[in-house]
Each structure stands twice: as structure tokens, then as C-alpha cells.
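Hi everyone, thanks for coming. I'd like to walk you through a structure that may be new to you, so please have a look at it with me.

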Amino acid sequence: MGQTVPFLQRVRVTNYKSIASCEVTFGPLLVLLGPNGAGKSNFVDALLFVADALGSTPADALAKRGGLDEVLRQVPQPADHFGIHLEFTVHLDGEPTPVEYGFLIGRDHTERRSLVVRREYCVVHLGEDEEGVSSAGFGMEAGMIDGGGEIEQDRLYLPLAATQGDYSDVYHSLRAMLFHHLDVDRMRQIEPFRRGTQLGYSGERLGVVLGALARAHPVFKARIDDYLRAIVPEAVSVNQRVIDSYSTVELHTREGERPFGPDAISEGTLHAAGVLAALFQPVVVDGQATLVAIEEPETALHPAAAGALFDALTEASERVQVVVTTQSADLLDRDEFDPASVRVVAMTGGVTVIGEIDHVSRRLVEDKRTTLGELMRSGQLQPEVGE
């Protein structure tokens with residue numbers, strides 16, 4: 001699978017948790033900025049739902065979230081369906097190719113099943129040929145596939161189409177989106193040793209990932225250590241430690257001193273190591289990942305470390321599309337921060353609103369009269385109405 005940056009260009013979400021309707025455009029780095037409870041995580045979870053539903057079934061993906069009732073928007077009035085639409089780019093025969101994919105999932109009013117896929121569609125824009133614009137794709141309405149055939153009404157057709165050879169790149173590109181909401185307690189746990197190249201959602205396999213980088217990609221392992229030193233000045237490196245058939249992490253500080261085990265590493269240091277490992281993990285370096293989304297990467301960090309974290313996010317976004325949620329004004333206190341990378345998330349009347357930075361604030365930042373961080377501290381950042 002070839003890598004295209006950015007992978008996602010546009011996403012529309014309707015009736016998903018607190019989101020009534022939103023349309024978000026993407027660049028290589030996308031920062032979802034807003035206070036706690038505004039709905040930033042709900043938007044990221046809509047992307048994760050796509051990957052989960054394709055990897056198993058929509059019913060399984062909903063069960064992980066407490067069922068359909070927990071996903072359907074309830075305010076200002078209950079919805080009976082939700083939809084997710086993605087516009088992205090894949091490589092077909094070495095050429096970047098635009099794709100549109102989406103689905104509408106709702107209640108089964110016949111009550112024979114917990115849900116129905118009311119609609120699913122995929123359009124692959126192949127470019128122009130002698131007859132004009134060329135495209136391929138499929139559509140499905142309640143289990144009936146365009147052109148003939150049917151599947152269970154609570155299943156998605158794309159996974160089946162991918163196994164038959166058609167749309168394989170589309171399917172695998174969406175499944176190659178990575179999501180991380182790091183849990184330091186989970187990261188401290190000692191795990192059975194096994195080789196791997198992908199960090200878990202909560203930071204599982206951190207030691208394994210660091211070990212794999214040290215063996216196969218020492219340059220990128222060194223970048224992690226460089227950034228960690230910038231974030232935590234007393235740190236020298238963070239490494240895998242293998243004990244019999246188990247794996248964990250250890251932090252090396254000054255030369256000659258005994259390394260710290262996982263329980264002795266501070267929460268901020270371990271979380272920072274997890275963020276850096278997520279950004280430079282082997283599946284990213286090898287071009288296998290299409291997107292890396294990280295929730296609140298600044299958690300437990302000293303404000304002075306925000307600059308180094310921003311640099312790491314920016315560098316990683318040159319290799320893979322990066323999406324982060326944050327409520328940190330410190331992360332935005334940089335003159336070179338491009339306002340076009342930010343989407344402001346706010347809660348209005350119980351409904352999440354997501355949009356570009358309002359016009360006045362954007363002009364102030366572009367004219368170097370203030371920073372995004374200063375605007376956020378003063379409560380002046382708002383999503384542009386109508387975006």
C-alpha cells in the first residue's frame with residue numbers, strides 16, 4: 001500500500017453522539033481544539049468506528065460503544081440513524097486516486113435485528129479516458145447491491161468486495177488508520193514478549209515497538225530519544241527491557257546510573273514516550289499507516305515541553321497524516337503554527353460544532369498580533385459559523 005499525505009481530505013459526520021452535522025477538511029496535520037466535553041473525541045471516534053466496523057461488523061463496533069442508543073444523537077431531538085462520509089486518496093497502480101466512501105446506519109424498524117445498513121457506497125475516481133471522466137464503484141441499499149446480489153442488512157459490503165480483489169486498496173487504507181488514547185497505567189504493565197510493529201490503542205506494546213525501532217529503524221529510534229530529551233531534559237533514552245519472556249520499558253538518564261523501570265517513570269515522561277512511539281512506530285516509518293490520531297498528546301506534560309511536542313507532531317506529519325485533540329493553549333503558543341491546521345470544537349445547546357477558526361481570530365494570528373494560545377486562554381477562539 002503506497003502512502004499519500006494527506007490521506008483524508010474531507011469527512012462528513014451526521015447524528016453521531018453529540019455531533020448533529022459537521023464537515024471537516026484535512027491537511028497533513030489536523031488539530032481539534034476545544035475544552036473538555038466539547039465533542040473532540042466524538043469526531044475522532046467516528047473515524048475509529050469506520051475502521052472498527054470494516055474490521056468486524058457494524059454491530060460489533062456499536063457493541064464496543066454501548067450499543068446503537070449510545071451512538072445516535074439525542075439532542076435536540078433523538079435521531080434514528082447516523083452517517084459517515086469520507087473523501088480520501090489511495091494509490092492504484094502507483095497513481096494517487098480519489099475515493100469517496102460512506103454509509104448510513106440506523107434502527108431496524110421491523111425489529112428483526114438491532115440495526116440496518118440503510119445505505120453504503122464507494123466511488124473510485126479513476127481519472128479521464130477517451131470517453132471522459134472514468135470511475136468505478138458500488139452502492140447498496142438495505143442489503144441490495146447495485147447490479148445484483150445481496151448481503152445481510154446489518155453488514156457492510158466493502159469487506160466482502162475487498163476479499164474478492166475489488167476495492168482491496170480502499171479497504172486496507174481505511175483499516176490502516178491508527179488511533180491512540182494513551183493510558184499510563186496500561187503502559188506500565190509488563191507484557192508477554194512478542195515481536196510487533198504497532199502500538200496498541202492505550203499504549204500497549206510500547207516496549208516491543210521501541211525494540212523493533214532500535215533493530216530495524218535506529219535513526220527513528222534516535223529521533224524519539226532526541227525529542228524525549230527536549231521534553232524531559234534529564235532523560236537520555238527510553239528502551240525496551242526484556243525479562244525472560246516478558247517485555248517492558250526502562251528510562252535511561254545520566255550515564256552510569258541505573259535505569260528506571262516502568263513503575264518509577266513519571267506519568268508525563270511515560271506518556272510523552274508513548275506519543276513519540278505512536279508518531280514514529282515502525283508501521284508509520286514503513287509507510288503502512290495512513291493516519292495516526294492521538295487524543296490529548298500534551299497530557300501530564302510541563303508547559304515548557306509543548307514546543308518540542310509540537311515539533312514532533314509537525315515532523316511526523318511529513319510522513320503520515322496526524323490528527324490530535326487538545327485543550328492545551330501552550331501547544332499553540334508558536335508563531336509558526338498554521339491556523340489552517342486547526343479546527344475549533346465547541347458545544348452549543350448540547351450539540352458539537354466544528355469549524356475553522358473564526359475570521360477575526362485568524363487575521364489576528366496571521367498578522368502576528370497574537371497567538372492561538374493567547375486567544376484560547378482569553379476565550380476568544382470560536383468556530384467560523386457556516387463552515
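I'll go from the strands to the cores and finish at the surface. Please keep in mind that this is a predicted model.

Let's begin with strand β4, residues 81–92. On one side of the pairing story is strand β1, residues 8–16, which runs antiparallel to β4 over six bridges. If you want a spot to click on, take Val11, whose bridge partner in β4 is Leu86. Then there is strand β5, residues 95–106, also antiparallel to β4 and joined to it by 12 bridges. Here you can pick Thr89, which has Pro98 in β5 as its bridge partner.

How do β4 and β5 connect? They form a hairpin with two residues between them. In that turn, Asp93 has a positive phi of about 55°.

Now for the inside. Which residues touch the most other members of the largest nonpolar core? They are Phe43, Phe82 and Tyr101, in a core of 60 residues. The element that gives the most to this core is helix α1, residues 40–55, with 10 residues.

Let's stay with Phe82 for a moment. Beyond its neighbours within four places in sequence, its contacts include Tyr16, Phe49, Leu62, Leu72 and Phe103. Apart from this core lies another one, of 59 residues, with Leu228, Phe280, Val320 and Leu381 among them.

Last stop, the surface. Ile190, Ile243 and Tyr246 make a nonpolar patch of about 280 Å². To find Ile190, look in the loop between α6 (184–188) and β10 (191–192).

That's the tour, and I'm happy to go back to any part of it.

Technical notes: Residues are numbered from 1 along each chain as its sequence is written. This is a predicted model: local features need pLDDT of at least 70, side-chain atom pairs count only at pLDDT 80 or more; totals for chains, interfaces and linings use all residues. Side-chain values use heavy atoms; hydrogens and water are left out. A nonpolar core is a set of buried Ala, Val, Leu, Ile, Met, Phe, Trp, Tyr and Cys residues joined through side-chain atoms within 4.5 Å. Buried means under 20% relative accessible area, exposed over 50%, partly exposed in between (1.4 Å probe, protein chains only). Helices (H or I, at least four residues) and strands (E, at least two) are DSSP runs, numbered from the N terminus. Contact means heavy atoms within 4.5 Å. Patches are made of residues with over 30% relative accessible area and no salt bridge: like charges are joined within 9 Å, nonpolar side chains (Val, Leu, Ile, Met, Phe, Trp, Tyr) within 5 Å. Accessible areas come from the Shrake-Rupley method with a 1.4 Å probe; for residues, only the protein chains shown count as cover. A salt bridge is a side-chain nitrogen of Lys or Arg within 4 Å of a carboxyl oxygen of Asp or Glu. Two strands pair if DSSP finds at least two bridges between them.
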